[in-house]
Amino acid sequence: MQREMSTLPRVYVTRQIPPEGLKILRESGQVQFQLWDSDDIPVPRQELLEKVKGVDGLLCVLTEKIDAELLEAAGPNLKVLSTMSVGFDHLSLEELKKRGIRVGYTPDVLTDAVAELTVALLLTTSRRLIEATHEAKTGGWGTWRTLWLCGYELANSTVGILGLGRIGVAIAERLAPFKVKKFIYTDVAPRPELASIINAEYVSLDELAKQSDFLTVCCALTPETKEICNKDLFSKMKNTSIFINTSRYILSQDKLLTMNENSLRTVIISCLSLILPHIASASYSTRNAMSALAANNLLLGLRGEPMIKELKL
Ligand code: DGY
């Protein structure tokens with residue numbers, strides 16, 4: 001039997017999430033929900049603090065800081081938080097745990113999109129595509145020259161992976177057909193099961209820096225990895241290395257931009273010409289999958305059932 005709408009659990013959704021997730025919420029008949037109906041700007045904090053009052057569930061994105069103030073404002077009805085993100089550094093896990101609030105998140109569904117973007121960045125920088133299109137647009141393309149706009153090939157190279165998880169494996173699987181000579185990785189400890197999929201060798205962080213022709217960073221943000229890519233690490237790398245980062249907050253851009261250009265050429269080039277907005281998971285299918293997973297996590301949590309992807313607090 002259908003319950004009266006007004007008796008259904010109340011949910012606040014902090015962003016106009018992609019259609020698949022919204023459809024799941026609408027058609028569930030399980031919740032009544034309000035939505036910050038914009039994708040252009042995040043819900044202002046004051047509005048958010050008002051809207052969460054008395055809700056049973058909250059579906060947020062990574063722009064919302066879920067901290068003690070917000071959880072206090074929501075009050076004791078709040079039982080489930082579902083974030084449409086794999087990252088959870090915007091959540092105060094301690095405060096959530098203290099209040100017994102269950103937390104859903106969206107790992108796995110964005111692995112392919114992030115790996116694809118990493119490969120795109122790698123080829124764009126290694127073959128100097130940004131500079132080449134700039135030259136073509138601004139009249140710099142004159143006669144054919146023997147070393148003009150030469151770059152570095154993946155063939156016979158050593159590719160280093162800092163943080164070997166699902167995404168690191170997906171990147172290596174995509175790069176292997178380019179005839180990479182060797183994959184090396186580092187992490188808090190060796191990860192033999194994942195490493196065996198891509199035939200990667202475990203090395204120290206120092207060795208990773210020294211040996212890599214291409215260094216890709218795809219680790220989770222933790223107190224140990226925050227700003228792990230610093231001047232010290234870059235000073236150990238070959239001056240021809242290419243550094244690709246798709247992780248959050250592992251490097252300080254200010255520090256990078258003040259580095260001596262000769263110490264690591266491509267970091268500088270990448271910083272100046274290839275800083276991208278936060279788009280690693282930005283494909284239609286992935287963003288829809290993330291919104292669907294976030295919606296399903298929320299509904300399952302509110303029913304008191306195991307979520308598809310739940311953080312262990
Ligand atoms: C995430 O889900 O945490 C990503 O950073 C968003 O693409």
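This is a short talk on one protein chain and how its parts sit together.

Good morning. A word of caution to begin: this is a predicted model.

Let's take the overall picture. The chain has 313 residues, and 39% of them are buried. Its C-alpha trace spans about 75 × 45 × 35 Å along the principal axes. I count off 13 helices and 10 strands. Now look at contacts between residues with a separation of 6 or more. Of those, 65% join residues 24 or more positions apart.

Next, the domains. Domain 1 comes in two pieces of sequence, 5-109 and 285-302. Domain 2 is 111-273. Their centres, taken over C-alpha atoms, are 34 Å apart. How many residues of each domain are in contact with the other? On the domain 1 side there are 4, and on the domain 2 side there are 5. On that side of domain 1, 2 residues are polar, 2 are charged, and none is nonpolar.

There is also a record to mention. UniProt, in an unreviewed entry, places a feature at residues 119-248. The entry's wording is "domain: D-isomer specific 2-hydroxyacid dehydrogenase NAD-binding". In the model, that stretch is 36% helix and 16% strand. The C-alpha atoms at the two ends of the stretch are 17 Å apart.

Now the ligand. Which residues are around it? They are L62, S85, V86, G87, L110, A280 and S281. By type, this shell has 4 nonpolar residues and 3 polar ones, with no charged residue.

On to the core. The largest nonpolar core has 82 residues. Those with the most contacts inside the core are V11, L58, L59, I161, A172 and A200. Helix α13, residues 284-302, gives the largest share, with 10 residues. Why does this core lie between the domains? Domain 1 and domain 2 both give residues to the core, so the core lies between them.

Let's follow one of those core residues, A172. Leaving out residues up to four places away in sequence, A172 touches V159, I161, F183, I198 and A200. Two of these partners, I161 and A200, were on the list of residues with the most contacts in the core.

A172 also brings us to helix α7, since A172 is one of the buried residues there. Helix α7 runs over residues 166-175 and is mostly covered. Of its 10 residues, 7 are buried. Besides A172, the buried ones are I167, G168, V169, A170, I171 and L175. What covers them? The cover includes three strands, β6 (158-162), β7 (182-186) and β8 (200-202). Also included are β9 (214-217) and the helices α5 (111-126) and α8 (192-198).

Now two single residues to set side by side. Is A74 buried or exposed? A74 has 24 C-beta neighbours inside 10 Å, so A74 counts as buried; the cut-off for that is 20 or more. A74 lies in helix α3, residues 68-74. Beyond residues up to four places away in sequence, A74 touches V52, K53, V55 and L58. L58 is another name from the core list. For a sense of distance, take A74 and G160. They are 86 residues apart in sequence and 44 Å apart in space, C-alpha to C-alpha.

E47 gives us the other case. E47 sits in helix α2, residues 45-51. With 12 C-beta neighbours inside 10 Å, E47 counts as exposed. E47 and I17 are 30 residues apart in sequence, and their C-alpha atoms are 18 Å apart.

Last topic: backbone angles. Most residues other than glycine have a negative phi. Here are two residues with a positive value.

The first example is D108. Its phi is near 70°. D108 is found in the loop between β5 (102-104) and α5. With 14 C-beta neighbours inside 10 Å, D108 counts as partly exposed.

The second example is N156. Its phi is near 65°. N156 is in the loop between α6 (129-137) and β6. How exposed is N156? N156 has 11 C-beta neighbours inside 10 Å, so N156 counts as exposed.

To recap, the domain centres are 34 Å apart, and the 82-residue core takes residues from both domains. Thank you.

Key: Residues are numbered from 1 along each chain as its sequence is written. This is a predicted model: local features need pLDDT of at least 70, side-chain atom pairs count only at pLDDT 80 or more; totals for chains, interfaces and linings use all residues. Domain bounds come from an automatic or database domain assignment. Two residues are in contact if their C-beta atoms, placed from the backbone, lie within 7 Å. Ala, Val, Leu, Ile, Met, Phe, Trp, Tyr, Cys and Pro count as nonpolar, Asp, Glu, Lys and Arg as charged, and the others, Gly among them, as polar. A residue is near a molecule or strand if its C-beta atom, placed from the backbone, lies within 6 Å of it. A nonpolar core is a set of buried Ala, Val, Leu, Ile, Met, Phe, Trp, Tyr and Cys residues joined through C-beta atoms within 7 Å. Helices (H or I, at least four residues) and strands (E, at least two) are DSSP runs, numbered from the N terminus. UniProt positions are given in the numbering used here, feature names are shortened, and annotations may be inferred rather than shown by experiment.
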